[in-house]
Amino acid sequence: MTPAPQPLAPGATIGILGGGQLGRMLALAAVPLGFHIHIYAPEAESPAGEVAARITRGAYDDAAALTAFAAEVDAVTYEFENVPAACAALLAGLRQVRPGVKALDVAQDRVTEKSAMRAMGLGTAPFAKADDAGEARAAFESLGGGAAIVKTRRMGYDGKGQARVASADDAAAAVARFAAPCILEGLVSFEREISVVAARGIDGRIEAFEPAENTHKDGILHRSVVPAQLKPQVAAEAWRIAGTILEALDYVGVMGVELFLDRDGALLVNEIAPRVHNSGHWTMDACAVSQFEQHIRAVAGWPLKPAVRFADCEMENLIGDDVLRWAGIAAEPNACLHLYGKAEARPGRKMGHVNRLFPPSGRR
Ligand SMILES: Nc1ncnc2c1ncn2[C@@H]1O[C@H](COP(=O)(O)OP(=O)(O)O)[C@@H](O)[C@H]1O
Ligand SMILES: [Mg+2]
């Protein structure tokens with residue numbers, strides 16, 4: 001019999017690939033549990049590096065630097081999903097990497113991702129692969145010729161690498177402009193967008209936070225609100241979908257599952273993020289465990305905590321110049337401000353977020 005994997009003891013070092021705000025908040029959650037954080041990122045200065053015990057500055061294809069990093073850590077996780085496959089494979093040969101190579105593989109390519117969701121019996125927007133202009137035309141016709149979205153298959157985020165199209169010519173032109181393999185998706189006329197942030201532990205136990213209701217501005221998440229205004233059976237279905245995905249991928253860690261609630265009341269999976277997720281930031285102040293601590297617990301092989309919510313919450317992202325409102329927000333009695341330590345407030349850049357808490361009655 002193989003012995004059960006031992007949990008990481010306090011004093012161990014967790015390595016994180018990526019130096020952004022998600023890495024920063026993971027590090028800030030790991031320290032109270034007694035872990036040391038070692039950030040691996042290409043940048044000299046980063047939001048995560050600022051709060052980590054150790055930093056390795058290296059490229060994600062630098063095998064020597066990755067090998068040296070692995071030697072200095074007890075486990076590895078990541079804060080972004082575009083970790084190159086070769087990097088993940090190299091590290092996985094040396095250390096435990098959670099959530100792992102399989103989840104990265106599925107989440108990195110929108111065609112693979114949507115096909116995997118369908119294979120799990122889950123609904124998605126209608127889609128077809130559009131790797132070149134010719135395929136884009138055929139894809140547009142195959143979806144019935146209605147409004148659609150072209151997205152690059154890989155590397156898109158915050159609405160980047162996306163174009164709405166209304167004709168086969170538009171679709172072909174968009175794919176030509178992106179000059180990259182694309183997916184064409186039918187435009188879902190959704191009633192609302194929700195997400196479930198859920199964790200699975202090494203024992204297979206799943207703890208899902210309540211669904212949040214999300215609104216976007218200029219392709220970037222603007223607000224996440226809990227509780228979402230959902231019928232109980234829709235919330236239960238959202239949890240069931242998240243659980244199905246976590247189990248199918250034999251996943252360990254936190255995942256974000258973005259969903260559309262369509263006008264018939266059905267939930268469609270938009271995309272998954274094999275990491276902590278912006279729409280789960282509300283858990284930092286409204287729950288007994290944040291998504292960040294929950295992820296560290298899973299990575300370390302610790303038991304998960306119940307994902308119980310104690311307050312209603314509205315999370316607002318502070319994008320670009322929004323952060324200039326910091327002084328007013330700091331003076332709001334029910335606002336919890338989280339800033340990422342980025343020097344320059346460029347347009348579209350995530351500078352921080354604020355969680356506004358309300359009594360759990362739902363009354364404002
Ligand atoms: N098929 C679709 N139908 C309707 N809206 C969509 C569709 N795909 C994306 N969107 C809108 O664009 C946003 C960003 O798209 P998404 O696929 O989540 O990419 P990103 O990786 O940039 O978050 C979604 O949250 C949603 O508001
Ligand atoms: Mg998205």
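Where is the place of Arg297? Select Arg297 to begin, and it will be found in helix α10 (residues 291-300), helices (H or I, at least four residues) and strands (E, at least two) being DSSP runs numbered from the N terminus. The model is a predicted one, in which local features need pLDDT of at least 70 and side-chain atom pairs count only at pLDDT 80 or more, whereas totals for chains, interfaces and linings use all residues. Residues are numbered from 1 along each chain as its sequence is written, chains are lettered from A and ligands numbered from 1 in the order in which they are written, and side-chain values use heavy atoms, with hydrogens and water left out.

Staying with Arg297, note that this residue is buried, with a relative accessible area of 12%; buried means under 20% relative accessible area, exposed over 50%, and partly exposed in between (1.4 Å probe, protein chains only). Show the side chain of Glu293 as well, since a polar contact of 2.8 Å joins it to the side chain of Arg297. A polar contact is a pair of N or O atoms within 3.5 Å, where within protein one must be able to donate a hydrogen and the other to accept it, and residues adjacent in sequence count only if both atoms are side-chain atoms. Leaving aside neighbours within four places in sequence, Arg297 is in contact (heavy atoms within 4.5 Å) with Leu33, Trp302, Pro303, Leu304 and Lys305.

Next, select the magnesium ion (ligand 2), whose protein donors are Glu258 (OE), Glu258 (OE) and Glu271 (OE), lying 2.0 to 2.8 Å from the ion. Glu258 in strand β13 (residues 253-262) and Glu271 in strand β14 (residues 267-273) are 13 residues apart, and the pair links distant parts of the chain. Donors are N, O and S atoms within 2.8 Å of the metal (3.2 Å for Na, K and Ca), and water is not among the atoms, so sites may look incomplete. Glu258 is buried, at a relative accessible area of 15%.

Turn now to the aromatic pairs, of which a search of the whole structure finds 6. The rings of Phe190 and Phe260 have centres 4.9 Å apart and planes at 10°, so this pair is stacked. Rings of Phe, Tyr and Trp (its six-membered ring) pair if their centres lie within 6.5 Å, and planes under 30 degrees apart count as stacked, over 60 as edge-to-face and the rest as tilted. Phe190 lies in strand β9 (residues 190-200) and Phe260 in strand β13, so the pair ties together parts that are 70 residues apart in sequence. Phe190 counts as partly exposed at 28% relative accessibility, whereas Phe260 is buried at 9%.

Select Phe209 and Trp282 for an edge-to-face arrangement, with ring centres 6.0 Å apart and planes at 80°. Phe209 is in the loop between β10 (206-208) and β11 (212-217), Trp282 in the loop between β14 and α9 (283-286), 73 residues apart, and both residues are buried. Elsewhere, ring pairs link Tyr40, Tyr60, Phe69 and Phe80 into a cluster.

The tour ends with the backbone. The peptide bond from Arg98 to Pro99 is cis, with omega near 0°, and Pro99 is in the loop between α3 (85-92) and α4 (101-108). The bond from Val226 to Pro227 is cis, also with omega near 0°, and Pro227 is in the loop between β12 (220-226) and α8 (232-248). Finally, select Met155, a residue other than glycine with a positive phi near 70°, which is exposed at a relative accessible area of 56%.
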